[in-house]
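Colleague: I would like a close look at a single part of this model, the pocket that holds the ligand. Please take the empty space around it in one connected account.

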Amino acid sequence: MKTKFGLTEQNYRYLFENASDAMWVHDMEGNIIDANKADEIISGYSRDELIGMNATQFLTDESRALAREVRRKLLSGEELEQPYEQRLVRKDGTIRIVNIATSPFIIDGEVRGFLHVARDVTEERRLQENMRFYVQQITRAQEDERKRIARELHDDVAPSLLIVIQHLNAIISGTRSKLPGLLKDNLGDLRVETIEALENLHRYAQDLRPRILDDLGLVPALEWMTEELAEQHKIDARTEVIGIEPTLSPEVQLLLFRIAQEALNNARRHAEASAAVVKLEFESDKIRMTISDNGKGFQLPNQAEELAGTGKLGIIGMHERARLAGGRLDIQSELGKGTQVIAEIPFPE
Ligand SMILES: Nc1ncnc2c1ncn2[C@@H]1O[C@H](COP(=O)(O)OP(=O)(O)OP(=O)(O)O)[C@@H](O)[C@H]1O
Ligand SMILES: [Mg+2]
């Protein structure tokens, strides 16, 4: 039989045989009628072995349930998202993860079986998981390091500066000191400089690891951060809380705080925003934190991972932190209409 483009059945046979995606066809009972070379590679069986085998043999208990669901949807005409992810057991017992598309095959108006096209994505998934694990480890290490540096600044450097200030105070205002005027002025300037250095140091330490978060918790820490933004950068920023805050682990509080910190940093650095809001909604089964700005918005990359190659790690870090907290993150942005970063964490964690 020839199609209108003149492709013969032999041409189609060639395409089927040599496609790099695995393809197989089975009847209503699951008995395999045909399979191509790529399917030999994915399944580990030869074509001769495959033909006549039952397709359920490739399925784990879990994937069997999914296969039944796919079949039900296809037969009832219910919508099915394709391709879907499935796990297949190979001849050697190992499991491959495939992206698979399935369609019923119909002869004379009757469904006689199913066609499958599958691509092996096992390595891709493994790489993604390794990458995720790696990013999580780095995120944890970074937090430990920040905590250590903040503690040293607070506990070692700050007290030393404070002693210097107290000594300068004593020298300058000491009743017995008969310092020449110029020296007294110089010491006064030195005192002002040292006080400024101490204030800056407190700010750096707070950014690294806000004590207010450890001491008073998430809401006061977010309020402090939005107040700072308003004071230092003239952005009308505030924190809004809806519902009653449940007891959250220090880890989840820190993760949420870091997400808000990065989103507000982005709003300040990139958005040219004049206003920003951190909204925390405590519901019975989840926490939703939304950080919105009224800035210029931006075009989101298809995959957050695309940003890694450009050295931009803020958005990736937010996604990873939401995942570390057991939840997920979504960013909505439209040019000229501002940006919203939404983190949802199920509760109890
Ligand atoms: N709120 C925002 N408004 C406008 N553009 C934004 C906003 N947030 C992010 N962007 C855009 O997305 C890019 C990626 O953001 P991301 O936070 O990942 O990286 P970065 O801020 O450039 O660098 P890093 O966070 O690693 O210091 C930014 O460079 C900016 O162009
Ligand atoms: Mg950033």
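Which elements each supply at least two residues of the lining of the largest pocket?

Modeller: This is a predicted model, and the elements in question are α5 (122-173), α6 (181-208), α9, β8 (286-293), α10 and β10 (339-346), each with at least two residues in the lining of the largest pocket. Among these, α9 has the largest share, ten residues. The volume of the largest pocket is about 1,200 Å³. Its lining comprises 46 residues, and Glu262, Leu313, Gly314, Ile315 and Ile316 are the closest to the centre. Sorted by class, the lining holds 21 nonpolar, 13 polar and twelve charged residues.

Ligand 1 sits in this largest pocket. Around ligand 1 there are 13 residues, of which Glu262, Asn266, His270, Asp293 and Ile315 come nearest. Glu262 and Ile315 thus appear both among the residues nearest ligand 1 and among those closest to the pocket centre. Two helices, α9 (250-270) and α10 (314-324), each give at least two residues to the shell around ligand 1. As with the pocket lining, α9 provides the largest share of the shell, here four residues. By class the shell consists of four nonpolar, five polar and four charged residues.

Specific atom pairs can be given for three residues. Asp293 places a polar side-chain atom 2.9 Å from a nitrogen atom of ligand 1. Ile315 uses its backbone instead: an N or O atom there lies 2.9 Å from an oxygen atom of ligand 1. For Lys312, a polar side-chain atom is 3.5 Å from an oxygen atom of the ligand. Ligand 1 taken alone exposes 590 Å², and the protein buries 81% of that area.

For context, the second largest pocket has a volume of about 350 Å³. It is lined by 22 residues, with His26, Ala55, Leu59, Ala67 and His116 nearest its centre. Two or more lining residues come from each of β1 (22-27), α4 (61-76), β3, β4 (95-107) and β5 (110-120). There α4 has the largest share, with five residues. The class split is eleven nonpolar, seven polar and four charged.

As for enclosed space, the whole structure contains one cavity of 30 Å³ or more, with about 40 Å³ of space in it. Its lining residues are Trp24, Asp39, Ile42, Ser43, Phe58, Leu88, Val89 and Arg90. Of the elements, α2 (37-43) and β3 (84-89) give two or more residues to that lining, and α2 gives the most, three.

Definitions and conventions
Residues numbered from 1 in each chain as written. Chains lettered and ligands numbered in written order. Predicted model: local features only at pLDDT ≥ 70, side-chain atom pairs only at ≥ 80, totals over all residues. Heavy atoms only, no water. 1 Å grid on protein atoms, 1.4 Å probe; cavity = no way out; pocket = protein on both sides within 12 Å on 5 of 7 lines; lining within 4 Å. Points joined across faces, edges and corners; volume = space filled by probe spheres on them. Near = heavy atom within 4 Å. Polar contact = N/O pair within 3.5 Å; in protein donor to acceptor, adjacent residues only side chain to side chain. Areas by Shrake-Rupley, 256 points an atom, 1.4 Å probe, with all protein chains shown as cover. Sits in = over half its atoms within 2 Å of the grid points. Nonpolar A, V, L, I, M, F, W, Y, C, P; charged D, E, K, R; others polar.
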